[in-house]
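Visitor: I would like a close look at one part of this model, set in the context of the chains around it. Please state each cut-off as you come to it.

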Amino acid sequence: MAGVLLDNVAKIYPGGVNAVRGVSFAVPDGGLCVLVGPSGCGKSTLLRMVAGLETVTSGAISIGARVVNDIEPMARDIAMVFQNYALYPHMSVYDNMAYGLRNLKTPEPEISARVRDAARILELSDEMLKRKPRALSGGQRQRVAMGRAIVRKPAVFLFDEPLSNLDAKLRVQMRVEIRRLQRRLKTTALYVTHDQLEAMTLADMLVVMNAGRVEQVGAPLELYERPATTFVAGFLGSPPMNFLNGKIEAQGLARMENGEALAYDAGHFGPPIGADIIAGVRPERTSFAAGEDGLAFKLELVEELGLGRLVHGRVGAAPYAVALPPGAPLPPGETARLAIAAGDVHLFDGKSGVRL
Amino acid sequence: MEKRAIFSNRLLPYLLLAPQLAITLIFFYWPAAQAVKQSFFIEDAFGTTSTFVGFENYRTLLADPYYFKSMGTTLVFAAAVTALSLSLALLLATQADKSLRGAGLYRTLLIWPYAVAPAVAGVLWLFLFQPGLGLAARQLQRLGVDWNPLLNGAQAMTLVTLAAAWKQISYNFLFFLAGLQSIPKSLIEAAAIDGARPARRFWTIVFPLLSPTTFFLIVVNIVYVFFDTFGVIDAVTGGGPAKATETLVYKVFSDGRLGGDLGGSAAQSVILMLIVIALTSVQFRYVERKVTY
């Protein structure tokens, strides 16, 4: 059992590509930390550095109390689940799971006990243990890959987009299983994904990355409620947050690009009058106003999701989506007014995109 | 989906195939049929008459201790060349698979020997190891080795083995390199995390995953040694000394062409033909549908 600490970790590839630029955060012992970001943001590189599969250009990575920068992967007390599962195709499922223990010269009876224990937890039958990986379905292979990780009882689990090769239904099911398993074993885990929904649902702690940097670290809901940047705000949540450009006209009032006014919670340190801002509003925190107040909205398209309906349109030139609960009435015509509570408006700096 | 061409004229497809079929028939089946036919005849010393003798040629051949000695020589030669060229090629391929500076150049250079004709390769090695003349031979003698492949059968065999294996390394290298590159990197990484050191990773993961390539190469190399090393042997030792390097193919040549025993030589060819057919069918049966690991 050990936490993971990253201190100003950077990775520059020999070609000069700066994949990770000074990342610092700490995963507490037993926590499940999800690294999320678009492809190419450096999250996989970071995970591979923790695994020891990539060298660390600068900074320090610690597992437990030990800095592991120069320690071989095998000595780091970690286990990794790969996106393509990386099961050894020429070995049976049993041998796949036993491979790591055999390398450690564990006595066969103990290997057998541990493999069967893991198989029971993951609901892999005895008959399945005898099969070769290619005779298994995607979901079963995923379980074997997890089994191979858990039999060794490592200090840290590393997951590199483990669910992206599964179909949507199985992904939801395995997501729940991974969470349950990690809770049960109380093993520290680092989990990389580009899927914000997977990230939100799995994480104790969410690290949002962009272009090699950490945008924000925190609990999923905290990030959702108070995104530190427009990037985080736009990345988390589906459909993503709506953004409208404008200027501060008075404390608590912004003038948007289309010339209409939007009220916001002034707070203690409101931006100066005249400052360029970006106002962010979640689609589900927007509804249609009955009267003639609120931003003018031009309706373009309605998507029926069953769970609700999604109304796409525009405010001025900017795209804007409104998420309605199921059965909520649509505006009668092509245009409508938006009802937005002042407390639901997030303000970001117009240039840097940092929360104000 | 299988693509099927539709021809309006029923003769056209046969016409299109005809050139290829003609070449195959004239240059492959006709000589083969001739050899089979000839193996049942004995010609007189001047080649003017030939007498049908049934299986007499085969009976003589199978009673001939030299034939079995030649068979043994061929097997030893095949095993040595295959083992040597495969293991060296695998070693080189694992090194070339590492991401190194200049890996491209290294690979290109390793492929070159394949473009050298067998006889030229033979002459090259002959010169290197010619006693009293060759660079390598002089070094060996300086080290106190009584090196003379012109007299010593084992040394002659070593020399043709080296020459034949050297020629084949490039080919084996290419296939091993391709095989290595088709093994997903994540498997090696998973094994590294699973606590396997490089040597163990190689023997427990990489080597078993290469087994289809290895098996294919073993068959191809045996076929090569059996049938394509004539040039090397002819240039280096001429089958000697005292028939120590006379392989089956070389014996066909020396008995038939030099010894004038066309019938016996034809019978040997027919047996070789059967061996090729057997090896090829092994290859088709197992290699084409892939070795299952």
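Visitor: About how much area does chain A expose, and what percentage of it do carbon and sulfur atoms supply? From there, please take me to helix H8 of chain B: which of its residues are buried, and what covers them?

Guide: This is a predicted model, in which local features need pLDDT of at least 70 and side-chain atom pairs count only at pLDDT 80 or more, while totals for chains, interfaces and linings use all residues. Residues are numbered from 1 along each chain as its sequence is written, chains are lettered from A and ligands numbered from 1 in the order in which they are written, and side-chain values use heavy atoms, with hydrogens and water left out.

To take the surface of chain A to begin with, about 15,900 Å² is exposed, and carbon and sulfur atoms supply 54% of that area (Shrake-Rupley method, 1.4 Å probe, with only the protein chains shown counting as cover for residues). For chain B the accessible surface comes to about 16,900 Å², with 68% belonging to carbon and sulfur atoms. Buried residues make up 51% of the 356 residues in chain A, and 40% of the 293 residues in chain B count as buried, where buried means under 20% relative accessible area, exposed means over 50%, and partly exposed lies in between (1.4 Å probe, protein chains only).

The secondary structure of chain A comes to nine helices and 20 strands, whereas chain B has 13 helices and two strands; helices (H or I, at least four residues) and strands (E, at least two) are DSSP runs numbered from the N terminus. The C-alpha trace spans about 75 × 45 × 35 Å along the principal axes of chain A, and about 75 × 75 × 30 Å along those of chain B.

With that setting in place, we can turn to where the chains meet. The contact takes 24 residues from chain A and 20 residues from chain B, a contact being heavy atoms within 4.5 Å. About 1,900 Å² is buried between the two chains, 60% of it from carbon and sulfur atoms; buried area here is the accessible area (1.4 Å probe) that two parts lose on being put together, summed over both. On the chain A side, Met74(A), His90(A) and Tyr99(A) lose the most area to chain B, and together they account for 32% of what that side buries.

Now to H8 itself, which runs over residues 185-193 of chain B and is mostly covered, with seven of its nine residues buried. The buried residues are Ser186(B), Leu187(B), Glu189(B), Ala190(B), Ala191(B), Ala192(B) and Ile193(B). Their cover comes from both chains: chain A contributes, among others, helix H1 (43-51), strand S6 (78-81), helix H2 (93-103) and helix H5 (138-150), and chain B contributes helix H9 (198-209). After H8(B) comes Gly195(B), whose phi is positive, near 90 degrees.

The charged side of the contact belongs to this picture as well, with three salt bridges counted between chain A and chain B (a side-chain nitrogen of Lys or Arg within 4 Å of a carboxyl oxygen of Asp or Glu). Asp194(B) forms a salt bridge with Arg152(A), and their closest N and O atoms are 2.9 Å apart.

Helix H5 of chain A, already named as part of the cover over H8(B), also holds Arg143(A). Arg143(A) is buried, with a relative accessible area of 11%, and, leaving aside residues up to four places away in sequence, Arg143(A) touches Leu122(A), Glu123(A), Leu124(A), Gln173(A), Met174(A) and Glu177(A). Of these contacts, Glu123(A) deserves its own remark: although not a glycine, this residue has a positive phi of about 55 degrees. Glu123(A) sits in the loop between helix H3 (108-121) and helix H4 (126-129) of chain A, and is exposed, with a relative accessible area of 62%.
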